[in-house]
Amino acid sequence: MKVPLLDLKAQYKTIKADLDEALIKTAESQYFILGPEVEKLEKNICEYLKCKHAVGVSSGTDALLIALMAIGIQPGDEVIIPDYSFFATAGVVSRLNAKPVFIDSDIQTYNIDFTKIEKRITPKTKAIIPVHLYGQSAEMDKILEIANKHNLKVIEDGAQAIGVQYKDGNFVGSIGDIGCFSFFPSKNLGCFGDGGIVTTNDDLLYEKLKILRVHGSKPKYYHKFIGGNFRLDAIQAAVLNVKLPHLDNWSEKRRKNAQLYMNLFIENKLSSKPGVIKYSETDKVLLPIAVYSDKNLRNYHIFNQFIIRVKERDILREYLTKNEIGNEIYYPVPFHKQECFMDLLSEFNYNNEEFKVSDLASSETIALPIYPELTEEQIEYVVCNIKDFFN
Ligand SMILES: *Cc1c(COP(=O)(O)O)cnc(C)c1O
């Protein structure tokens, strides 16, 4: 049996007629950039996330970049981010000649460890970017408390977490000052290319985001700010308008798949329960923390990725790949070990102990297939293979 990490064709099949119609309609309209479909998407996303404003942009990376530009990040400013995330979270900070300041992760969620944020705040710190990694919310209450105390802006990187609700039922992306989402095809809500969106409840930030999206001009050809081309294509918005009503259903299926994985790992005595952080005879596979609990608890999780931790990660990976089971390492190199950030290490006097968890995560975690259309047989096959590996 072959189990791909992701099978986009399986999803396409289920809504092909609607998607094809949307594509043809866009072709017939010959309206390609921004316009009515993008406005409709912005309205739909606002309704879905219960936020006031949304601005469609060219990618998740550009969503983060335009958000930092909107809050006025200047060269030399410091922006606090998790050490362990997709590169864009750090890259956008450096592109504005500001400085990303790395914080270790939490061992259970792999999200930013909020207890380590405050000692890294200096007079130059302007913002925090919590990442809702793998589809699970960062600890927003605590992060907002710190941000308010030190007068910092909060830009949420929700690229992997559209539809995640935090404790009180608020959607991630509507909690901080600006929320950033990616519609890259492999995200839970993906388009047919690159795309993204920023969300905010702040009227002034909304105006600025809209102006920055079109080179900082308002009216056209009159530039108050220097923006960029951060526009979203109509064709991507048309695809997303078809897909959005299915998102909750897809997320539920991902959660069910995750629950089945957990049950099978436990039944096969590879794990004792979710959320364990130490290896033992009864815990060879460390599972992400509980999933099927109340929607309003912090561990509501939409599983953009299903991540397990295994001591023998690299040889397990070879084994799975050999048996045609899709897998991926997110992310093999944390920011503090990236060549492009070497000059920051001495500047911020990081010590060897500072990134224990992100080092562990990058060397011991592996992502297994979790996409909504995965069958029970496929999941059983994956777990069976991992059991064989340990035998
Ligand atoms: C995918 C991703 C991004 C970037 O999104 P793109 O649309 O690929 O530019 C940013 N942050 C995180 C955490 C992501 O997973």
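Two strands pair if DSSP finds at least two bridges between them. By this criterion, strand β2 (residues 78-82) of this predicted model pairs with strand β4 (residues 125-128) in the parallel sense, over 3 bridges. Within β4, A127 is the bridge partner of V79. The points below cover strand β2, its neighbouring strands, residue V93 of helix α5 and the surroundings of the ligand.

**Strand β2**

- Strand β2 is mostly covered, with 5 of its 5 residues buried.
- The residues of β2 point in two directions: E78, I80 and P82 one way, V79 and I81 the other.
- In a regular strand the side chains alternate between the two faces of the sheet.
- Both sets of β2 residues are buried, E78 and P82 among them.

**Pairing with β3 and the crossover**

- Strand β3 (residues 99-103) runs parallel to β2, and 5 bridges join the two strands.
- Opposite I80 of β2 stands V101 of β3.
- Between β2 and β3 the chain passes through helix α5 (residues 88-95), and this β-α-β crossover is right-handed.

**Residue V93 in helix α5**

- Helix α5 includes V93.
- V93 has a relative accessible area of 0% and is therefore buried, the cut-off for a buried residue being under 20%.
- With neighbours within four places in sequence left aside, V93 is in contact with L68, V79, I81, A98, K99, P100 and I129.
- Two of these contact residues, V79 and I81, belong to the set that points the other way from E78, I80 and P82 on β2.
- V79, in contact with V93, is also the residue of β2 whose bridge partner in β4 is A127.
- V3 lies 90 residues from V93 along the chain, and the C-alpha atoms of these two residues are separated by 37 Å.

**Ligand surroundings**

- There are 15 residues around the ligand, of which G60, T61, Q160, S182 and K187 come nearest.
- G60 contributes a polar backbone atom, which is 2.8 Å from an oxygen atom of the ligand.
- T61 contributes a polar side-chain atom, which lies 2.5 Å from an oxygen atom of the ligand.
- A nitrogen atom of the ligand lies 2.8 Å from a polar side-chain atom of D157.
- The ligand taken alone exposes 380 Å², and the protein buries 93% of that area.

Technical notes:
Residues are numbered from 1 along each chain as its sequence is written. This is a predicted model: local features need pLDDT of at least 70, side-chain atom pairs count only at pLDDT 80 or more; totals for chains, interfaces and linings use all residues. Side-chain values use heavy atoms; hydrogens and water are left out. Buried means under 20% relative accessible area, exposed over 50%, partly exposed in between (1.4 Å probe, protein chains only). Helices (H or I, at least four residues) and strands (E, at least two) are DSSP runs, numbered from the N terminus. A crossover is right-handed if, with the strands pointing away from the viewer, the path from the first strand over the helix to the second runs clockwise. A residue is near a molecule or strand if one of its heavy atoms lies within 4 Å of it. A polar contact is a pair of N or O atoms within 3.5 Å; within protein, one must be able to donate a hydrogen and the other to accept it, and residues adjacent in sequence count only if both atoms are side-chain atoms. Accessible areas come from the Shrake-Rupley method with a 1.4 Å probe; for residues, only the protein chains shown count as cover. Contact means heavy atoms within 4.5 Å.
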